[in-house]
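These entries record what I looked up in the model, in the order in which I looked.

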Amino acid sequence: MSALSLAEITVWVAAAFERYGCSKDNAQSVARALVAAEADGLKGHGLSRVPSYLQMVRSGKIDGKARPSTTRPRHAVLAIDAACGFAYPAIDLAVSELPELASEHGIAVASIYRSNHCGAAGLPCEVLARSGLVVLLFTNTPSAIAPWGGRQPVFGTNPIAFAAPLEGRHPVVVDIALSKVARGSIVAAEQRGEAIPEGWALDIEGNSTTDPAKALLGTMTPLGDAKGAALAFMVEILAACVPGANLAFEASSFLNGEGPPPATGQLILAIDPVAFGHGRFTERMATLIAAIERQSGARLPGARRLANRARAERDGITIPPEIEAAMQV
């Protein structure tokens, strides 16, 4: 298949999910998220996820027709039930409601439970930052990282994403998994039949491996060793214990249609900087960014992602043959 524009490929991906029984709104939400991640070069959260997503829909592990719902247990809190559907419609709901709440209260929080894989977590943070908010997103995933000194996985790769607005520019975005690499990178390597670099993961016996299949059965090496494992513990509390979601070791895999819904969680914190800092946020940000960019070779987090996005918007995206085949009913 030749390259398609981002709009064309979004329509094409959404149509595939509708054919598998997803509602139109859910199919479009998923397609937007996957194509946006692919365009940004985040392939482990892009089109490579289509086969496993469709497997989960086919088996009922994901309810493709689920509609997320919200309650307001406190004035500045959104509690969102993703209803064992895709995470993206629930996150879309949070993104639509958080700006007004944050503007009113200075800080607003959305907790999401009975959720699923949330893809490139920096993308919804970026959308919220475009409305002037400083944003943090925490999410847990099925178990992949052992506590430091242990061998059995207890925590997920548990990504943290962050975004802040910059006057006259794209928001700055940070999106990191707490393993040395995102688990999606290992999934993508397995799909391509490629080895992974030494140091990314351990096999089920606790030995370093370059075999992605063995890595997926074993554990991920935490970012920063003991410090990364401690951060994964922290995110597990924020993303699972606070929303009331499944813990990593209780959640089924994001990678196939086997088992019950993962029912993982997310927590999104939105801060309106206008409520703080005596009106100096924009100036302080500009000063910070200038201190970074005046250094030769230094770049802001996310610069490569924006370059990939511009290239994809110009040249389009080619769907890999194995993904195209998976979309056929």
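**Entry 1. Nonpolar cores.** I began with the largest nonpolar core of this predicted model. I found 30 residues in this core, and those with the most contacts inside it are Ile9, Val13, Phe17, Leu47, Val50, Tyr53 and Phe86. Helices α1, α2 and α3 each supply at least two residues of the core. I noted that α2 gives the largest share, seven residues. I then took Ile9 and set aside its neighbours within four places in sequence; the contacts that remain are Leu4, Val35, Leu47, Ile317 and Ile319. A second core, separate from this one, has 27 residues, among them Ala94, Cys125, Val135 and Ala270. For context I recall that nonpolar side chains tend to be buried together in soluble globular proteins.

**Entry 2. Ala16 in α1.** I placed Ala16 in helix α1. Ala16 counts as buried because its relative accessible area is 1%, and the cut-off is under 20%. I also looked up its separation from Leu54: the two lie 38 residues apart in sequence, and their C-alpha atoms are 8.9 Å apart in space.

**Entry 3. Helix α2.** I turned next to α2, which runs over residues 24–39 and has 16 residues. From its first C-alpha to its last, α2 reaches 22 Å, close to the 22 Å expected at 1.5 Å a residue. Which residues of α2 are buried? I listed Asn26, Ala27, Ser29, Val30, Ala31, Ala33, Leu34, Val35, Ala37, Glu38 and Ala39. The cover over these buried residues includes α1 (6–19), α3 (50–59), α4 (87–105), α5 (122–129) and α10. Just after α2, I noted that Gly41 takes a positive phi of about 85°.

**Entry 4. The cavity.** I counted one cavity of 30 Å³ or more. The largest cavity has a volume of about 40 Å³. Its lining consists of Asn26, Asp63, Ala66, Pro68, Ala82, Gly85, Phe86, Pro89 and Ala90. By class, I recorded six nonpolar, two polar and one charged residues in that lining. Two of these names had come up before: Asn26 is among the buried residues of α2, and Phe86 is among the residues with the most contacts inside the largest nonpolar core.

**Entry 5. The largest pocket.** I read off about 590 Å³ of space in the largest pocket. Its lining has 26 residues, and Leu42, Asp175, Ile176, Arg304 and Arg305 lie nearest the centre of the pocket. Which elements each supply at least two residues of the lining? They are β6 (169–176), α6 (183–192) and α10 (303–315). Strand β6 gives the most, with four residues. I sorted the lining of the largest pocket by class and obtained ten nonpolar, nine polar and seven charged residues.

**Entry 6. Positive phi at Arg114 and Ala263.** I looked up two residues with a positive phi that are not glycine. Arg114 has a phi near 50° and lies in strand β3 (residues 107–115). Arg114 is partly exposed because its relative accessible area is 33%, a value between the 20% and 50% cut-offs. Ala263 has a positive phi of about 55° and is found in the loop between α8 (226–241) and β10. Ala263 is buried, since its relative accessible area is 13%.

**Entry 7. Thr264 in β10.** I then moved to Thr264, which lies in strand β10 (residues 264–271). Is Thr264 buried or exposed? Its relative accessibility is 0%, so Thr264 counts as buried. Leaving aside neighbours within four places in sequence, I found Thr264 in contact with Ile112, Tyr113, Arg114, Ser115, Asn116, Asn140, Thr141, Ala245, Asn246, Ala251 and Phe254. Arg114, from the previous entry, is thus one of the contacts of Thr264.

**Entry 8. Asp272.** I closed with Asp272, which lies in the loop between β10 and α9 (281–293). Asp272 counts as buried because its relative accessible area is 12%. What is Asp272 in contact with, once its neighbours within four places in sequence are left aside? I recorded Ala102, Ser103, Gly106 and Leu133. I also looked up Asp272 against Ala31: they are 241 residues apart along the chain, and their C-alpha atoms are separated by 29 Å.

Key: Residues numbered from 1 in each chain as written. Predicted model: local features only at pLDDT ≥ 70, side-chain atom pairs only at ≥ 80, totals over all residues. Heavy atoms only, no water. 1 Å grid on protein atoms, 1.4 Å probe; cavity = no way out; pocket = protein on both sides within 12 Å on 5 of 7 lines; lining within 4 Å. Points joined across faces, edges and corners; volume = space filled by probe spheres on them. Nonpolar A, V, L, I, M, F, W, Y, C, P; charged D, E, K, R; others polar. Expected span 1.5 Å × (residues − 1). Buried < 20%, exposed > 50% of the residue type's maximum accessible area, 1.4 Å probe, protein only. Contact = heavy atoms within 4.5 Å. Core = buried A, V, L, I, M, F, W, Y, C linked by side-chain atoms within 4.5 Å.
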